Amino acid sequence: MTIDRSRVIEVLKGVIFFAKGDNIVDLGMLDELEISGSTIRFRLVFPKLGEPAVNIVSNAAQKALKEEFGQETNIEITPITEKEKGRGPLAGVRNIIAVASGKGGVGKSTVAANLAIALSKTGSRVGLVDADIYGPSVPIMFGVVDEGPGMTVKEGKQLIVPIEKFGIKLLSIGFFVDTDKPLIWRGPMATSALNQLLTDADWGILDFLVIDLPPGTGDIQLTLAQSYSITGAVVVTTPQKVAFADVRRAATMFKQEKLTIPLLGLIENMAYFTPADMPDKQYFIFGKGHGQAFADALEIPLLGQIPIVEQIASSGDAGSPIALDDESPVAKAFVDVAMKIRSIILK
Ligand SMILES: Nc1ncnc2c1ncn2[C@@H]1O[C@H](COP(=O)(O)OP(=O)(O)O)[C@@H](O)[C@H]1O
Ligand SMILES: [Mg+2]
């Protein structure tokens, strides 16, 4: 006998969660229903575990399904909390750090990639998600454009296996969304793709999952803020005054009460220019002290100043971010930022 999915749902509609006075389907407690052969598997989302109601409802669901589909039917019910559902397979991820910016081209991806490497250098297990639908660039910066993520099955669930490079687990929205398509088509796909990258991937245990966000304040940022527990956001800006208007807008969004993604601090990228042959020189071509002034205005710490250095761009293009180069002062600057973020989060 094949078990009909809609029939399963009908049967479960007969199971009442008395605490809320309605059936478990209409209450949205049924989650991840899977039917394979004679096995019916699903999760039931409760406000809290350890309450008598959890067993009562689970047993009632078992009984109703066996009565309908036969006593030999194998029924696997996993009760979870509402909080767990929000996090799902991200339960092994200790901290999620979003890297945001007001506009594109300020070096957000460069900072995200190098920060991920710097965090890993400080002994953390690190993952990196490229969620920038406008221009996914993590695959280029890590030299994995020609690689595709694999798939695995865990506990009956299909999971994406992140690519590993330089000890970092990587996934890019660019692997799943056709970036040659016009943005208007990419947009709605992007939110569901991001959800997949976060909840249908085998991240395992990570100390930090860094997310390279699209610039500005769009659907991706909203989804992230509303559906996940983000430890904090790092905002990247350049020293130009015109950049700050956009940064302020993005920062204000994160600060809004309903979203509450804490702002960890600001990183001033392209803070000054240092020529390759004169590593001690600092030319403040966009003016000095702007990063600190922006950070003060937002009432957040200035986490670091990254110079304009040709090697930052060339190493990114070559698939080997500068933070890997132990000799480079820029690598040291990124490790400093990583240490500051750790001390803010872990205090
Ligand atoms: N500090 C820097 N010094 C030199 N080039 C940089 C620096 N930061 C970023 N770049 C280069 O600027 C370009 C845009 O950076 P990227 O990180 O892709 O920006 P975003 O992700 O904000 O659009 C890239 O070519 C990158 O290599
Ligand atoms: Mg980018």
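**Exercise 1. Give the strand order of the eight-stranded open sheet and describe its edges.**

Step 1. Read across the open sheet of eight strands: the order is 10-11-7-12-6-13-14-15, and the pairing is mixed. Strands here are DSSP runs of E with at least two residues, helices are runs of H or I with at least four, and both are numbered from the N terminus. Two strands pair if DSSP finds at least two bridges between them.

Step 2. Look at the ends of that order. Strand 10 (163–165) and strand 15 each have a single partner strand, so one side of each has no neighbour in the sheet.

Step 3. Add the twist. Neighbouring strands of this sheet are turned by 25° against each other on average, direction ignored.

The model is predicted: local features need pLDDT of at least 70, side-chain atom pairs count only at pLDDT 80 or more, and totals for chains, interfaces and linings use all residues. Residues are numbered from 1 along each chain as its sequence is written, while chains are lettered from A and ligands numbered from 1 in the order in which they are written.

**Exercise 2. Find how strand 14 and strand 15 are joined, and which helices pack on this sheet.**

Step 1. Strand 14 and strand 15 run parallel and are joined by five bridges. One facing pair is I267 with G304 in strand 15.

Step 2. Turn to a second parallel pair. Strand 7 (residues 126–130) and strand 11 (residues 168–172) also share five bridges in the parallel sense; V129 has L171 in strand 11 as its bridge partner.

Step 3. Place the helices. Helix 9 (residues 290–298) packs on the sheet, touching strand 13 (232–237), strand 14 and strand 15, and its direction makes about 160° with that of strand 14. Helix 11 (residues 329–346) touches strand 6 (93–101), strand 13, strand 14 and strand 15, at about 165° to the direction of strand 15. Contact means that the C-beta atoms of two residues, placed from the backbone, lie within 7 Å. Axes are lines fitted to C-alpha atoms, for helices over the stretch in contact, and angles run from 0 to 180 degrees between N-to-C directions.

Step 4. Assign the handedness. Strand 14, helix 9 and strand 15 form a right-handed β-α-β unit: with the strands pointing away from the viewer, the path from the first strand over the helix to the second runs clockwise.

**Exercise 3. Describe the open sheet of three strands and the helices beside it.**

Step 1. The order is 3-4-5, with mixed pairing. Strand 3 (30–36) and strand 5 (74–81) are the edge strands, each pairing on one side only. The twist averages 10° from one strand to the next.

Step 2. Strand 4 (residues 39–46) pairs with strand 5 in the parallel sense over eight bridges. In strand 5, P79 is the bridge partner of L44, and I77 that of F42.

Step 3. Helix 2 (residues 52–69) packs on the sheet against strand 4 and strand 5, its direction making about 155° with that of strand 5. Strand 4, helix 2 and strand 5 make a right-handed β-α-β unit. Helix 1 (residues 5–12) lies across strand 3 and strand 4, at about 135° to strand 3.

**Exercise 4. State which elements supply the shell around ligand 1 and how its residues divide.**

Step 1. Ligand 1 is surrounded by 17 residues, the closest being G107, K108, S109, T110 and A313. A residue counts if its C-beta atom, placed from the backbone, lies within 6 Å.

Step 2. Helix 4 (108–121), strand 14 (263–273), strand 15 (302–308) and helix 10 (310–317) each supply at least two residues of the shell.

Step 3. The shell divides into seven nonpolar, nine polar and one charged residue. Ala, Val, Leu, Ile, Met, Phe, Trp, Tyr, Cys and Pro count as nonpolar, Asp, Glu, Lys and Arg as charged, and the others, Gly among them, as polar.
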